[in-house]
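Student: Could we go through this structure together, asking at each step what justifies the label that is used?

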Amino acid sequence: MKKVMLFFLMIMVGKFAIAQGVLPIDEETGKVMFSEVVPVDNNNQKDLFTKARNVGSSKKEDILKDDEAEGIFKTKGKFGVKYPSPMRGMMHDGTVSYTLSIMVKDGRYKYEITDFEHSSPKASGGKLESKLPECGKYTLTESGWSTIKKETKKEVEGIIENLKAAMAKAPAADKDDW
């Protein structure tokens, strides 16, 4: 009997550890962060900044910083997630918000996607770097919290793919250069 209990305990601990390791944690800030410096040949800072603006939100209330001189564009974003509710067979809907920063220089840019936070009318999990949701594990189960983190990773990978594609496009020709 003890062996069976130990076996199930190891499985549960393993699942929980895997769920925690899904998202990258920045050692310096302790926050979940996706970041990379991406070289882009034949693009100057101005061209890259224009592309960064086009990738970011067009809603003024979502723009946190728009500084062409410094080459920094920072915006808020969000996406929906579905995850298992505490009642078996039922699903809950929630929203994960994040901050996207794009810093540009001649021939390269750096993106940082961070400040992930889950909210829902049913139960808000809070910051995704937390091991347990703020609302408690009985309101938002470990399975639900793990699913939110996995869905976040999948969604952010799509955002990064779209960002890289948009930033890699050739710069627009100067209107005076016909």
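Tutor: Let us begin with Thr99, which is found in strand 4, and keep in mind throughout that this is a predicted model.

Student: Why is Thr99 called buried?

Tutor: The relative accessibility of Thr99 is 8%, and buried means under 20%, so Thr99 counts as buried. Leaving out residues up to four places away in sequence, Thr99 touches Leu64, Lys74, Thr75, Glu112, Ile113, Thr114 and Asp115.

Student: What makes the approach of the side chains of Thr99 and Asp115 a polar contact?

Tutor: The side chains of Thr99 and Asp115 are joined at 3.2 Å, and a polar contact requires a pair of N or O atoms within 3.5 Å, one able to donate a hydrogen and the other to accept it; the pair therefore qualifies as a polar contact.

Student: Is Asp115 buried, partly exposed or exposed, and how do you know?

Tutor: Asp115 is found in strand 5 and has a relative accessible area of 31%. Since buried means under 20% and exposed over 50%, Asp115 is partly exposed.

Student: What makes the phi of Asp115 worth a remark?

Tutor: Most residues other than glycine have a negative phi. For Asp115, phi is near 60°, a positive value in a residue other than glycine. Phi of Asn42 is likewise positive, near 60°; Asn42 is found in the loop between strand 1 and helix 2, and with a relative accessible area of 72%, set against the limit of over 50%, Asn42 is exposed.

Student: Asn44 is in that loop as well; why is Asn44 called partly exposed?

Tutor: The relative accessible area of Asn44 is 36%, which falls between the limits of 20% and 50%, so Asn44 is partly exposed. The side chain of Asn44 reaches the backbone nitrogen of Asp47 at 2.8 Å, and the C-alpha atoms of Asn44 and Lys105, 61 residues apart in sequence, are 6.9 Å apart in space.

Student: Why is the aromatic pair of Phe79 and Tyr98 called tilted?

Tutor: A search of the whole structure finds four aromatic pairs. In the pair of Phe79 and Tyr98 the ring centres are 5.8 Å apart, against a limit of 6.5 Å, and the planes make an angle of 40°; planes under 30 degrees apart would count as stacked and over 60 as edge-to-face, so this pair is tilted. The pair links distant parts of the chain, with Phe79 in strand 3 (residues 72-84) and Tyr98 in strand 4 (residues 91-105), 19 residues apart.

Student: How do you know whether Phe79 and Tyr98 are buried or exposed?

Tutor: Phe79 has a relative accessible area of 8% and Tyr98 has a relative accessibility of 13%; the limit for buried is under 20%, and therefore Phe79 is buried and Tyr98 counts as buried too. Ring pairs link Phe34, Phe79, Tyr98 and Phe116 into a cluster.

Student: Which residues touch the most other members of the largest nonpolar core?

Tutor: Of the 31 residues in that core, they are Tyr109, Ile113 and Phe116. Strand 1 (33-39), helix 2 (45-55), strand 3, strand 4, strand 5 (108-119) and helix 3 each supply at least two residues of this core, and the largest share, seven residues, comes from helix 3. Among the contacts of Tyr109 beyond its neighbours within four places in sequence are Leu163, Lys164 and Met167.

Student: How do you know that the length of helix 3 agrees with what is expected?

Tutor: Helix 3 (residues 142-168) has 27 residues, which at 1.5 Å a residue should span 39 Å, and its end C-alpha atoms are 39 Å apart, so the two values agree. The buried residues of helix 3 include Ile148, Thr152, Val156, Ile159, Ile160 and Leu163. An α-helix has 3.6 residues a turn, so residues three or four places apart point the same way.

Student: Finally, why does His118 count as buried?

Tutor: His118, found in strand 5, has a relative accessibility of 1%, against a limit of under 20%, so His118 counts as buried. The side chains of His118 and Tyr83 are joined by a polar contact of 3.2 Å.

Definitions and conventions:
Residues numbered from 1 in each chain as written. Predicted model: local features only at pLDDT ≥ 70, side-chain atom pairs only at ≥ 80, totals over all residues. Heavy atoms only, no water. Helix = DSSP H or I, 4+ residues; strand = E, 2+ residues; numbered from the N terminus. Expected span 1.5 Å × (residues − 1). Buried < 20%, exposed > 50% of the residue type's maximum accessible area, 1.4 Å probe, protein only. Phe/Tyr/Trp six-rings, centres within 6.5 Å; stacked < 30°, edge-to-face > 60°. Contact = heavy atoms within 4.5 Å. Core = buried A, V, L, I, M, F, W, Y, C linked by side-chain atoms within 4.5 Å.
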